[in-house]
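Reader: I'm new to this and I keep meeting words like "buried" and "kink". Could you show me the structure and then let me ask where the words come from?

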Amino acid sequence: SQSQQSWATLSAGKGFGEKPPTKQKSAPSIETSAPESAAPVATQEQQQPTKVTEDNTGSKRLRELRSREAERRDEELKKLRTLRETDAALREDAGAAAIPEKVAQRMGKRMIPFVGIPLFGTCASFIGFWYMAVYKDQEFQPALVATTSFVFLAVGLLGITYSVLSASWDDDREGSGLGFDEFQTNVGNLKDGLARTKENALLREKMAGLSEDEIQRAIDDQERREAKKNNKKDAWME
């Protein structure tokens, strides 16, 4: 029996009979997945242009804010320079702010129809009510008489305002008969003057805390910047 087993073993080793099962070595598996560190690198590469764009946008906005602030400051300095020049002119000639004689005469001529007619209407209405009450035995309510007189007086006051605003404020221009165009122009000038008065009041408040030398240095710096800008513009146009 032992000889038969040894024979079977030899025959199996030399190709006779069934071969004993052999264990196959498994091939090493190759991972095809990308490394975990690749994903964060790609994300950083994608985020880097976005960050650069945001930085450029922020720098651009900051430059725009600084530019607007400089323009606003220069505009205030221009207004301040104009205000100082106006004050100096008024100190030298106090009559510069007075209404020219020709303009005053135009206003007076316009008051004759626009103010005289309503005043005449007031007197005429009062006399008419008196005559009708005394000679015609008619009765009128006092409120009616007072209202009629008040209406004519109110029209006369409006006539004074319209006479002043409808006259031409230009010495060399007479203006139209009714003065509709002059009225619109003068009303616009009046609004601009009120706005300038408010701005001048604010500028005077700012000037109150500064010395004369500081104000003059700021104005000189603004004039130099403006002259430099104009020279660059002229050179570019040439």
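Author: Here is a short round of questions about the words used for this model.

Author: Before we start, this is a predicted model, where local features need pLDDT of at least 70, side-chain atom pairs count only at pLDDT 80 or more, and totals for chains, interfaces and linings use all residues. Residues are numbered from 1 along each chain as its sequence is written, and side-chain values use heavy atoms, leaving out hydrogens and water.

Reader: Why is Ser166 called buried?

Author: Buried means under 20% relative accessible area, exposed means over 50%, and partly exposed is in between (1.4 Å probe, protein chains only). Ser166 has 0% relative accessibility, so it counts as buried. Ser166 sits in helix α4, residues 142–166; a helix here is a DSSP run of H or I with at least four residues, numbered from the N terminus.

Reader: What makes the link between Ser166 and Tyr162 a polar contact?

Author: A polar contact is a pair of N or O atoms within 3.5 Å; within protein, one must be able to donate a hydrogen and the other to accept it, and residues adjacent in sequence count only if both atoms are side-chain atoms. The side chain of Ser166 reaches the backbone oxygen of Tyr162 at 2.5 Å, so that fits the limit. Ser149, in α4 too, has a polar side-chain atom 3.1 Å from the backbone oxygen of Val145.

Reader: And why is Ser149 called buried?

Author: Ser149 has 13% relative accessibility, so it counts as buried. Leaving aside neighbours within four places in sequence, Ser149 is in contact (heavy atoms within 4.5 Å) with Thr122 and Ser125. Both of those are among the buried residues of α3, and the buried residues of α3 pack against α4.

Reader: Why is Lys79 called partly exposed?

Author: Lys79, found in helix α2, has 33% relative accessibility, so it counts as partly exposed. Its contacts, setting aside neighbours within four places in sequence, are Glu199 and Leu203.

Reader: How do you know that the length of α4 agrees with what a helix should span?

Author: The expected span is 1.5 Å times one less than the number of residues. The 25 residues of α4 should span 36 Å, and the end C-alpha atoms are 36 Å apart, so the two agree. Helix α3 has 35 residues and reaches 49 Å, close to the 51 Å expected.

Reader: What is the kink in α3, and where does it lie?

Author: The bend at a residue is the angle between axes fitted to the seven residues ending there and the seven starting there. At Met111 there is a kink of about 40°, shortly before the proline Pro113.

Reader: Why is the pair of Phe129 and Phe140 called edge-to-face?

Author: Rings of Phe, Tyr and Trp (its six-membered ring) pair if their centres lie within 6.5 Å; planes under 30 degrees apart count as stacked, over 60 as edge-to-face and the rest as tilted. The structure holds five such aromatic pairs. Phe114 and Tyr162 form one that is edge-to-face, 5.1 Å centre to centre with 75° between the planes. That pair links helix α3 to helix α4, with its two residues 48 apart along the chain. Phe114 is partly exposed at 25%, whereas Tyr162 is buried at 17%. For Phe129 and Phe140, the centres are 5.1 Å apart and the planes are at 70°, so that pair is edge-to-face.
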